[in-house]
Amino acid sequence: MTKLAAVRASSKVIDGSAAASDLDLSADTCVVGSGAGGAFVAATLAEAGVDVLLVEEGGYYTTRDFDMREADTIPKLYQEGMQRTTADLAISVLQGRAVGGTTVVNWTTSFRTPEDVVDLWAKRHHVGGFGYADLVPHYEKVEERLSIHKVDEASMNRNNRKLFDGCKALGWQADTLRRNVYSCMQTGYCGTGCPINAKRSMLVTLVPDALDAGARLLFRCRVDRLDAAGGEIQTARATLLDTEGYAVTGKRATIRAKRFVLSGGAINSPAVLLRSGLDSGGLVGKRTFLHPAIGSVGTYEERIEAFYGAPQSAASHQFARRGAEVGFFLESVPSYPLLMSTAMPGFGATHAERMESFAKNAIHAAITIDGFHDDVPGGVVRLRPSGAPLLDYPIVPALWEAFRFAQKRLAEAQFASGARSVTPLHDPPLVLTQASDVDRFDALPWEPCRVPIFTAHQMGGCAMGDDPKSSVVRSEDLRHHTLKNLFVVDGSVFPTSLGVNPQESIYGLARLMATRMAERR
Amino acid sequence: MERRTFLKRGILGGAVLLLGGSLGLGLWPSRVIALPTRALHVLDAKAFQVLVAIASRVVPMPDADPVAIAHAVDEALVRVPSEAQVDINRLLKVFENALPGLILDGRTAPFTRLPSTAQDRVLERWRDSRLVMRRGGYHALRKLCLGAYYGDSKTWKRIQYPGPPDTAGFDFDDSKAGTPAWLTAEAARQKTDGGAAP
């Protein structure tokens, strides 16, 4: 038996779906969520000798489940089976749901939080508890543990190569990316769970580290609410889910702990607080940022095969800073049949014709940087009557302007790298055959549900800061402003978006804060 | 209707209020195209019929089985919140209903009773509607049908997708070098007990 399989089968792992009766558990620290934030907290605390119980709503899947087929993997690995959207159905929300969280399905792009963003948090959002210099040693440890390294140009697949070459031909900034992989064979299927454990996701690194150091893991367990009394959280009350992960088994779990850490991500952590009646005067769930993204399909003479090779290995931040206008960055999107068929416009014969060029398509995205402008307030997480979260994200005019501008730049880059035609994802579609026509995009309808918009980066909703009037947790240790044993450690604490893919920002911050928690114990 | 009011009522619930739809032309029964071949999880019988009709227009290819697609969609919908499950049933009824169809699209028959070219017109009208709810509904239904169809490997040849690569022999397992003592002890204990971990 391999080590990962042995950990998976050990008595430290409790499958909530198999519990024959209600569970009554206790621990020094209960960490809710096993993704980028929770796994680092659990491992760091466990290694410092803390008795940790890690609780995860999703399933505990392994390479045996990662067969690179969307129909098998998407239902298992994504929130709501990848059917999560914003309230008006305008934005598709791509978010993981499994032991290891979104790190199991992300595309491996790794950036430290830009130093000027951390500085801006201090200046404008009262984040005084740490500075960029405090994060650096933790980024270094994270990068070592997760094999984060910059890839070379030769390893780019054709999809990324087209983006890179197109940007360079236009004189735009472009660079290769840093990825958290070791011994990667470039299957291209990072988005459906790495089939060979080359991706250093939390599933194969920090979750096993936590278990190795003595932590326990309870999965298929959804935390419904936290019970507060006397200025502290006393218990977490949870529902156990069946093997498919959505129906309840009828069994419940009650978890007592001296300390609770919420790490459910920017949609689910606010939802737990709201279900618990802990809305911090209306701040919880507000200022939710998504890096809303649009796509562009460039069709080339040759096969691009955007399904093979590292999904993301190049990016351009040429348009990240646009002053008073909303900036964006350009990255590639892998192309799998199900995902691409739903993004491509039209239906019937028209859609079928578009799918015929599937293997010759390059797909690139413009990812807008929300949360830095006063006229881009972000979204709001609320509760549905059932208690499930509902994200309302109004797409404000400043974002539409950025989308329209970005759609032209994406087309220019694709034509500059040899595309024969370029199609935005509007429905009905508009197909361009020359770069000089990009201003025709001005006439497209820039309205919700006329063009697909995606988010793979959910941030905010439980902002950190030192002013309780504008933040939910304090910035020195991410402890709740009023509840002294409750912490929030995940992407929800960011006061703005990041302008870069978020996973390493969450890792570094979680490691710093967990180290402080362990020292102050 | 203001966006806020609309959202308060629920996107699709608001649509039902807005469009009415339980009287008059709304009583014209749906055409039963094909019965479900197994138990339904989320959709009711009428919604299932409408979805079969939509699937046959969204994916009209000879190798597509609209009933199989509708079943796959029904099974995928178990993963969305209960409110969204109610919404999708309502959405399909509104889509079918001739009364809002008459008001907004100038048709007099339920969707399931229209000839295929007229059905395509209805889909286009929803796509191009001024109401974000109708556009969102069009895309939700379109994407559910397309996802169910292209999730099936029989479509791969037509789109020249060779399928996933062979990864045999590449499985990589470190996490940290060596197997910790507690795991070795536990594995030995399990072997002795002849059973799985408690």
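I take buried to mean under 20% relative accessible area, exposed over 50% and partly exposed in between, with a 1.4 Å probe and protein chains only. The model I am reading is predicted, and local features need pLDDT of at least 70, side-chain atom pairs count only at pLDDT 80 or more, and totals for chains, interfaces and linings use all residues. Residues are numbered from 1 along each chain as its sequence is written, chains are lettered from A and ligands numbered from 1 in the order in which they are written, and side-chain values use heavy atoms, with hydrogens and water left out.

**Entry: ring pairs.** I looked up the aromatic pairs, where rings of Phe, Tyr and Trp (its six-membered ring) pair if their centres lie within 6.5 Å, with planes under 30 degrees apart stacked, over 60 edge-to-face and the rest tilted, and I found 19 over all chains. One of them joins Tyr189(A) to Tyr336(A), a stacked pair at 5.3 Å centre to centre with 20 degrees between the planes. I note that both Tyr189(A) and Tyr336(A) are buried.

I then turned to Phe319(A) and Phe328(A), whose ring centres are 5.4 Å apart and whose planes stand at 20 degrees, so I enter this pair as stacked. Phe319(A) is buried at a relative accessible area of 12%, and Phe328(A) is buried at 0%.

**Entry: cluster and charges.** I found one aromatic cluster formed by Phe307(A), Tyr308(A) and Phe358(A) together with Trp156(B) and Tyr161(B).

At Phe405(A) I checked for charges over the ring (NZ of Lys or CZ of Arg within 6 Å of the ring centre and within 35 degrees of the ring normal). The charged end of Arg322(A) sits over this ring, 4.0 Å from its centre, and that of Arg409(A) sits over the ring of Phe405(A) at 4.4 Å from its centre.
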